[in-house]
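Visitor: I would like to be walked through this protein, with a reason for each term.
Guide: Here it is, then.

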Amino acid sequence: MQIADCRLQITICNLQSTIYNLHMPEQYNIIREAVRAGRPVATATIIGGGHIGAKLLIFADGGVRGGMGDESLERRVVADALPMLAQAVTRAVEYADLGVSVFIESFAPPPTLFMVGGVHISIALGAMAKVLGFHTVVVDARSAFATDERFPHADELVIAWPDEALEGRLDARSCVAVLTHDPKLDDPALRVALASPAKYIGALGSQKTHAARLGRLRAEGFGEEQLARIHGPIGLPIGARTPGEIALSILAEVVKSQRGK
């Protein structure tokens, strides 16, 4: 009888696994294609309680694939997973009232560092940022500055006005370094960045230059809370002088911001 009971339990477990993982190969194909295309996707897998192994795929727009056998749990998991996916966070989440543990894993493209201005600092900053895994984009309306010869390691060279180049491209993990020292280029970039959820916004210039910059943006209607998002003068105060040292100070400040410090 005990052997029969064990066989019955195994059969039931296998059946449950089949029910909640009917499209498992398809799910992994979706994950693979999303990663290749640079689209964020999260997987949520029950690791304790409930239907262990049941998996839900969650996309940045709130769409889902798969299931966990409990719609109320799925709604809560999606609500928790979306902000985690936006920040590329992976961790286990406990739903104590339901007796369920869910492991949420984020698959997100690398964060993007937008460098406004194809200047010497950008050359060094882009090279360093690639070492840390950033997707690097150089933006400059001046074609003589944004060239393959000057930026051989950049992922993208965008020859356009900064506001046009940045519009619609900044998400919660984007970092923007405004480096031209020219209000005609810097201010349009900052307007777009401040209206976005970008993780980091920094602008080159002295204290005097930054104060004048804030005055212009304030006159355009930007509030103090918005303006406080701009790191200016850009970079950590390490006494940097050369383009390479300034780039190092900027990247250190970017990482500090990413880590919430």
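Visitor: What is the mean pLDDT of the protein chain?
Guide: This is a predicted model, and the mean pLDDT of its protein chain is 88. Of the residues, 90% reach 70 or more. Over residues 1–19, however, the pLDDT is below 50, and this stretch has one contact beyond near neighbours in sequence.

Visitor: Why are α6 and α7 called oblique to each other?
Guide: The axes of helix α6 (residues 183–194) and helix α7 (residues 207–219) cross at roughly 55°. Angles under 35 degrees count as roughly parallel, and 65 to 115 as roughly perpendicular. The crossing angle falls in neither range, and α6 and α7 are therefore oblique. Their axes come within 11 Å, and the crossing is right-handed.

Visitor: Which residues make the contact of α6 with α7?
Guide: From α6 there are Pro183, Asp186, Asp187, Leu190, Arg191 and Leu194, and from α7 there are Arg213, Arg216 and Leu217. By class, four are nonpolar, five are charged and none is polar.

Visitor: What makes β8 and β11 edge strands of the open sheet?
Guide: The sheet has six strands in the order β8-β7-β6-β9-β10-β11, with parallel pairing. β8 (156–158) and β11 (230–231) each have a single partner strand, so one side of each has no neighbour in the sheet.

Visitor: How do you know that β6 and β7 pair?
Guide: Pairing needs at least two bridges, and strand β6 (residues 112–116) and strand β7 (residues 135–139) have five, in the parallel sense. Therefore they count as paired. Valine 116, for one, has valine 139 in β7 as its bridge partner.

Notes. Residues are numbered from 1 along each chain as its sequence is written. This is a predicted model: local features need pLDDT of at least 70, side-chain atom pairs count only at pLDDT 80 or more; totals for chains, interfaces and linings use all residues. Side-chain values use heavy atoms; hydrogens and water are left out. pLDDT is the predictor's confidence in each residue, from 0 to 100. Contact means heavy atoms within 4.5 Å. Axes are lines fitted to C-alpha atoms, for helices over the stretch in contact, and angles run from 0 to 180 degrees between N-to-C directions. Helices (H or I, at least four residues) and strands (E, at least two) are DSSP runs, numbered from the N terminus. Angles under 35 degrees count as roughly parallel, over 145 as roughly antiparallel, 65 to 115 as roughly perpendicular and the rest as oblique. A crossing is left-handed if the near helix is turned anticlockwise from the far one by less than a right angle, and right-handed if clockwise. Ala, Val, Leu, Ile, Met, Phe, Trp, Tyr, Cys and Pro count as nonpolar, Asp, Glu, Lys and Arg as charged, and the others, Gly among them, as polar.
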